[in-house]
Amino acid sequence: MKKARCAAVALSGGRGKRMGTTLAKQYLTICERPVIWYSLDVFEQSEVIDDVILVVGKGQIPYCRREIVEKYGFGKVRAVVEGGAERYHSVWEGLRVLERAGWRNGYVFIHDGARPFISGEMLKRAYDEVCRSRACVVGMPVKDTVKIADEQGCIHQTPRRSLVWQIQTPQVFAADLIIPAYREVIEKEKDLLEQGIQITDDAMVVENVCGCPVRLVEGSYENLKITTPEDLEIAEIFAARRISEAKKRP
């Protein structure tokens, strides 16, 4: 039985340049629902998630409140805030809301809103693991052989496929671990950039600042990130199947 309080920081501020549309990708529709709707709906129905902080792009707060939160009745969304220039800036804006609300205990699920196909079962697996280890990320073992290239574009190394995972979100951490870690990264941002360190996901923050092991939790091969028009076509198939399966349930 879940005991600890859990919040989801849902990132919905991406510009989606590779999608080739004027509308941000998180507001494009899949089976007549916005991309961001799917993950917010899973959070809304989940027994694991208590609160949702929605982080959006510049100038998008009124639109998101009206067309997403209020229109679809997402009662768990406690705040809609504007993100920053980079992904990690946006995460920090969401974490700051929790910090100001006095979060000291509990867990934080950081999720990219462009990944619509999370599930309640996935959230439960991540919750069970974070309770044990304090830090975990959702992902799946890669299907293809992966090559590491050198600076000349030649194969440098071939890692063992059994040890290579494709990392997804949500990425889940104890609140008293991830909030101080992110604060330190923001304070030391200039030094990190000068060292050539690029923060591309939340696990890197914990790895670099805390040295805390981050456990891997099975996600789903359907948990794709909507990045290109081809992804949107695949997403239509996944969404239609989920809708069909939901209609068959008693």
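Does Glu32 count as buried or exposed, and at what relative accessibility? In this predicted model, Glu32 has a relative accessibility of 73% and therefore counts as exposed, the cut-off for that class being over 50%. The residue is located in the loop that runs between strand E2 (29-30) and strand E3 (33-34). Glu32 also contributes to a negative surface patch, in which it is joined by Glu230, Glu233 and Glu236.

Gln168 belongs to the opposite accessibility class. This residue lies in strand E10, which spans residues 165-174. Its relative accessibility is 3%, so Gln168 counts as buried; the limit for a buried residue is under 20%. Two contacts of the Gln168 side chain were computed. In one, the side chain of Gln168 reaches the backbone oxygen of Ser220 at 2.8 Å. In the other, a polar contact of 2.8 Å links the Gln168 side chain to the side chain of Asn223. The side chain of buried Gln168 is thus placed by the model against a backbone atom of Ser220 and against the side chain of Asn223.

An intermediate case is given by Lys124, a residue of helix H4 (residues 120-133). Lys124 counts as partly exposed because its relative accessibility is 45%, a value in between the limits of under 20% for buried and over 50% for exposed. Along the chain, Lys124 and Glu47 are 77 residues apart, while their C-alpha atoms are separated by 8.5 Å.

Conventions:
Residues numbered from 1 in each chain as written. Predicted model: local features only at pLDDT ≥ 70, side-chain atom pairs only at ≥ 80, totals over all residues. Heavy atoms only, no water. Patch = residues over 30% accessible without salt bridge, like charges linked within 9 Å, V, L, I, M, F, W, Y side chains within 5 Å. Areas by Shrake-Rupley, 256 points an atom, 1.4 Å probe, with all protein chains shown as cover. Salt bridge = Lys/Arg side-chain N within 4 Å of Asp/Glu carboxyl O. Lys, Arg positive; Asp, Glu negative; His and termini not counted. Charge placed at Lys NZ, Arg CZ, Asp CG, Glu CD. Helix = DSSP H or I, 4+ residues; strand = E, 2+ residues; numbered from the N terminus. Buried < 20%, exposed > 50% of the residue type's maximum accessible area, 1.4 Å probe, protein only. Polar contact = N/O pair within 3.5 Å; in protein donor to acceptor, adjacent residues only side chain to side chain.
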